[in-house]
Amino acid sequence: ADAAGLGKFRFHHNDHLSSRTLEDLIRDIKAFLVRSHDEFIVLAFHRLNDGKEPFNFKFFNDMMLKHLGEHMIPTANRKLSLDRLKKISPLQRILVTAPRYRDLDYHWFCEKIDHKWIGKSLVSPGDLNNYIAEVMKNPPALGEPRSLSATCYDLGGPARILDHLDSWFDTEKT
């Protein structure tokens, strides 16, 4: 709570506080967009809270718009195809979703989207591949954004699975 600017917002997962801040995330997103100018990002905030302190939604809103606003896809465009979005703007590449709060600008923050997660602490690439195949048997309605966890964990922590992801989602192979 005493940090300045974007450092006020730290990430947590299952109530485990991370050292990563919103500043880290925005820096990494901007670097990714420079390297990958044709890619899109769905930035899905599942919960916005600050432990024991009240969460400052207005400040979060203002910081997101200040630092990522030119890259955010307006909520009115959330159901457009990627091709159409590319034609509208070369910069707008981030769809930001979050639970509804009065101080979040609904023109830029889409409603929280459904998130699918395997629900296990230790996940092998085989487990994840099977889970993704099962989830995709019942995809969301056409045009609805989706969030699907694609992370593997072993006893050492998160595992690098880039080759697996490239293989599973290669449109040339499907």
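Biologist: What makes Phe60 count as buried?

Modeller: In this predicted model, Phe60 has a relative accessible area of 2%, and buried means under 20% (exposed is over 50%, partly exposed in between, with a 1.4 Å probe and protein chains only), so Phe60 is called buried. Residues are numbered from 1 along each chain as its sequence is written, and side-chain values use heavy atoms, with hydrogens and water left out. Because the model is predicted, local features need pLDDT of at least 70 and side-chain atom pairs count only at pLDDT 80 or more, while totals for chains, interfaces and linings use all residues.

Biologist: Why is the aromatic pair of Phe60 and Phe109 called tilted?

Modeller: Rings of Phe, Tyr and Trp (its six-membered ring) pair if their centres lie within 6.5 Å, and planes under 30 degrees apart count as stacked, over 60 as edge-to-face and the rest as tilted. By this rule the count comes to 9 aromatic pairs. For Phe60 and Phe109 the centres are 6.0 Å apart and the planes make 45 degrees, which gives a tilted pair. Phe60 belongs to helix α2 and Phe109 to strand β5, 49 residues apart, and the pair thereby links distant parts of the chain. Phe109, at 2% relative accessibility, is buried. Both residues are members of one aromatic cluster, which also includes Phe9, Phe11 and Tyr101.

Biologist: How do you know that β3 and β4 pair?

Modeller: Two strands pair if DSSP finds at least two bridges between them, and strands are DSSP runs (E, at least two residues), as helices are (H or I, at least four), numbered from the N terminus. β3 and β4 have 4 bridges in the parallel sense, so the definition is met. Strand β4 (residues 94-98) also pairs with β5, again in the parallel sense, over 3 bridges. Thr97 of β4 is the bridge partner of Ala44, and Cys110 in β5 is the bridge partner of Thr97.

Biologist: What makes β3 and β5 the edges of the sheet?

Modeller: The open sheet of 3 strands has the order β3-β4-β5, with parallel pairing. β3 (41-44) and β5 (109-111) each have a single partner strand, so one side of each is left without a neighbour in the sheet. Neighbouring strands are turned by 35 degrees against each other on average, direction ignored.

Biologist: Which helices lie on this sheet?

Modeller: Helix α1 (residues 22-35) lies across β3 and β4, running at about 170 degrees to β3, whereas helix α2 (residues 57-68) touches β3, β4 and β5, its direction making about 120 degrees with that of β5. Contact means heavy atoms within 4.5 Å, and the angles run from 0 to 180 degrees between N-to-C directions of axes fitted to C-alpha atoms, for helices over the stretch in contact.

Biologist: How do you know that the span of α1 agrees with its number of residues?

Modeller: The expected span is 1.5 Å times one less than the number of residues; the 14 residues of α1 should therefore span 20 Å, and its end C-alpha atoms are 20 Å apart, which agrees.

Biologist: Why is Asp24 called buried?

Modeller: Asp24, which lies in helix α1, has a relative accessible area of 18%, so the value falls under the cut-off of 20%. The side chains of Asp24 and Arg27 are joined by a polar contact of 3.2 Å (a pair of N or O atoms within 3.5 Å; within protein, one must be able to donate a hydrogen and the other to accept it, and residues adjacent in sequence count only if both atoms are side-chain atoms).
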